[in-house]
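I wanted to practise reading one model from a single residue outwards. These are my notes.

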Amino acid sequence: MARPAGFEPTTLGFGGQYSDPLSYGRLGEEGVDYQLKFMPLQKSGRPVDTHDPHSSFIKTPQQLIVVVLLSFIVPIIGIVMVVSLVLSRPSTEPHAMRAEAVAARIQPVGRVEFGAPGAAPGSRSGEEIVKAVCATCHQAGVANAPKLGDRKAWAEHIKHGLKDMVATAIKGKGAMPPKGGDASLTEEEITRAVVFMANQAGGKFKAPAPAKPQAVAAAKPQASSGKAVYDQTCVACHAQSVAGSPKLGDKAAWAPRLKTGMDSLVQSVLKGKGAMPPKAGNASLTEAQIRAAVEFMISQSK
């Protein structure tokens, strides 16, 4: 290949300590001079940052699949929750209006029950007193009290005799209050209780006989006021005509019931009818009390 006019062969020129020009040829004296310089690299004190601010957190195909699935599932779950919240309505108990459920809700908040009268003071037996009072501590041996039936624990007390044990029980000793905490106990009753406990642990004491109860004339119970029974029991329903009960003073509601007669109305209350439970939910009421209450309501509705 022919050389162009004015072209000179390449010559290497070394100048300076670190930088040497390298001549690749010149095109005439007035041509452009092309030179290649080798510059030394300078060390930098800053570490090289390998983080790419534009890189994605998705590195693998599995991560991509998970992200795609979540982008569909999460919005769907949110939509379903919102729809269910909007469409849901508060619902009542399906059996709330049944007669039994209504009766349970309107039954009196309290009731008075009459039981057998307690024994007269001085007539209670030693066993009754022990079960009601003394067993609280002596059953389990609380506060070093001699445990019931423990011969070893009672032996020292039995040696002092019945009189000393009764006196100790009356005055109290240690954690035991006077009369075991029951101020209504008489000395004879305490003696019977001490004899009962001591004999359970090997004692041979004789308990005093209970006093004969005096004959008390049975007083005829007075019939309760019909209004009092109404205020205590019947008002829960009949004041507001709950569950179809005739409202007090409503002549139109009471008219068909009055035609059935007093006895029929009393029997309906005794046995229960509709949402009304037997005896209006107060089992302690007598027939006389129920009759008085019915008479009161009738008198207010004629």
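The entries below go from one residue to its helix, then to the cores.

Entry 1. I noted that this is a predicted model, where local features need pLDDT of at least 70, side-chain atom pairs count only at pLDDT 80 or more, and totals for chains, interfaces and linings use all residues. Residues are numbered from 1 along each chain as its sequence is written, and side-chain values use heavy atoms, with hydrogens and water left out.

Entry 2. I looked up Thr191 and found it in helix 6, residues 187-200 (helices are DSSP runs of H or I, at least four residues, numbered from the N terminus). Is Thr191 buried or exposed? Thr191 counts as buried because its relative accessibility is 13% (buried means under 20% relative accessible area, exposed over 50%, partly exposed in between, with a 1.4 Å probe and protein chains only).

Entry 3. I checked contacts (heavy atoms within 4.5 Å), not counting residues up to four places away in sequence: Thr191 touches Leu162, Val166 and Pro208. With the neighbours within four places left aside, Leu162 is in contact with Thr191, Val194, Val195, Phe205 and Lys206.

Entry 4. I then compared the helices: Leu162, Met165, Val166, Ala169 and Ile170 in helix 5 meet residues of helix 6 that include Glu187, Ile190 and Thr191.

Entry 5. I looked for the largest nonpolar core (buried Ala, Val, Leu, Ile, Met, Phe, Trp, Tyr and Cys residues joined through side-chain atoms within 4.5 Å). Of its 17 residues, Cys134, Leu162, Met165, Ile190 and Val194 touch the most other members. Helix 6 gives the largest share of this core, six residues.

Conventions:
Helix = DSSP H or I, 4+ residues; strand = E, 2+ residues; numbered from the N terminus.
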